[in-house]
Amino acid sequence: MIRGLFLYLAVKVFPALSMIVYMVAMYMSFPSSDYVAYSAAIAAGVIGAQIASSWIASAIIFYFPLRKGRAAFVTQVLRIAVVSASLTSTITAGIFQWLFHDPVLSASVLFLTASQGLFYVAVALFQPERRMRSQVISAIMLSITQLLFAAYAIFSNHHSLAMSVAGYGAGFLAGLITLLLYIHWTWFTRVLRKRQRRLALNEPPLENSKLLAYGGPMFVWFSLMLVNSYTDRFFLGRVEGPGVAGYAFTKDILIGISGFISMPIMLIAHSM
């Protein structure tokens, strides 16, 4: 139990620390106006990713233990996740482009939203059975990738806003690729494939509407919470003054630290 607790903490600690380091690196590297745009791009990615994935992830936690044909269920939710991430990231990038008129940065927001949303869904697939090793390895890959891009931003004179946002998304892509490899090894190897097919044939298929019905309330809650936390980022660029970037940076840090501090409470209150 103690070992599992430390592994679960590692899954949360590594990304939280890399996120804080990444924010500090961007604040040190960009002028005030650029950091405000960077903060808005990250906020757009966070909101879009949670809208795309939160309802799927919560449905996975509930339905995964109830399904015998795990491979069929994993395939079903990943297909839904790809569609959801594609639509949500396109809409998010379109709204960001409408607000900031920067096509390259908007493309980075699209990439960040999609990779982050799919990463959250992939993580959820390993949580019901508490497969911690895969989550720890993916968290380490995520953090290393983001830290490398943070170092590049600090020591290079050629980084840009779009590259910095894409670099943040590259961390989630590295974690996602790691989890997809574990998904293949866990449920889709040649030895397991025939057995999984037999199990899937012995149970009725799960309707997509049931996933949406279960995850819908979580989607509403996450969406309202994130909009309340991040909406101001999209309007700070129109406010002039030396403290605007400092305000955005301080709020970014406080949100990150609050999530980091609240993790022990979640561990006690939530068995996942």
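Colleague: How are helix 2 and helix 4 oriented to each other, roughly parallel or roughly antiparallel?

Modeller: The model is a predicted one, and orientation is read from the angle between helix axes. Angles under 35 degrees count as roughly parallel. The axes of helix 2 (residues 32-63) and helix 4 cross at roughly 30 degrees and come within 8 Å; helix 2 and helix 4 are therefore roughly parallel to each other.

Colleague: Which hand does the crossing of helix 2 and helix 4 have, left or right?

Modeller: The crossing of these two helices, 2 and 4, is right-handed. As for the residue classes, the contact of helix 2 with helix 4 has 17 nonpolar and 7 polar residues, with no charged ones.

Colleague: At what angle do helix 4 and helix 5 pack?

Modeller: The same reading of axes applies, with another cut-off: an angle over 145 degrees counts as roughly antiparallel. Helix 4 (residues 103-126) and helix 5 (residues 132-155) pack at about 155 degrees, and their axes are 10 Å apart. That angle makes helix 4 roughly antiparallel to helix 5.

Colleague: Which residues of helix 4 and helix 5 meet?

Modeller: From helix 4 come Phe-119, Val-123 and Phe-126; from helix 5 come Ser-134, Gln-135, Ser-138 and Leu-142. By class, the contact of helix 4 with helix 5 holds 4 nonpolar and 3 polar residues, and no charged residue.

Colleague: Where does His-101 lie, and what is notable about its phi?

Modeller: A backbone angle is best read together with its place in the chain. His-101 belongs to the loop between helix 3 (70-100) and helix 4. Its phi is near 55 degrees, a positive value in a residue other than glycine.

Colleague: Is His-101 buried or exposed?

Modeller: The class follows from the relative accessible area, and over 50% counts as exposed. His-101 has a relative accessible area of 60%, so it is exposed.

Colleague: How many helices and strands does the protein chain have?

Modeller: Its secondary structure comes to 9 helices and 0 strands. Read along the sequence, the pattern of the protein chain is α-α-α-α-α-α-α-α-α.

Colleague: What share of the protein chain is buried, and what share of its contacts joins residues at least 24 apart?

Modeller: Of the 272 residues in the protein chain, 46% are buried. Among contacts between residues at least 6 apart in sequence, 84% join residues at least 24 apart.

Colleague: How much of the accessible surface belongs to carbon and sulfur atoms?

Modeller: The accessible surface of the protein chain comes to about 14,100 Å², and 70% of that area belongs to carbon and sulfur atoms.

Methods. Residues are numbered from 1 along each chain as its sequence is written. This is a predicted model: local features need pLDDT of at least 70, side-chain atom pairs count only at pLDDT 80 or more; totals for chains, interfaces and linings use all residues. Side-chain values use heavy atoms; hydrogens and water are left out. Axes are lines fitted to C-alpha atoms, for helices over the stretch in contact, and angles run from 0 to 180 degrees between N-to-C directions. Angles under 35 degrees count as roughly parallel, over 145 as roughly antiparallel, 65 to 115 as roughly perpendicular and the rest as oblique. Contact means heavy atoms within 4.5 Å. Ala, Val, Leu, Ile, Met, Phe, Trp, Tyr, Cys and Pro count as nonpolar, Asp, Glu, Lys and Arg as charged, and the others, Gly among them, as polar. A crossing is left-handed if the near helix is turned anticlockwise from the far one by less than a right angle, and right-handed if clockwise. Buried means under 20% relative accessible area, exposed over 50%, partly exposed in between (1.4 Å probe, protein chains only). Accessible areas come from the Shrake-Rupley method with a 1.4 Å probe; for residues, only the protein chains shown count as cover.
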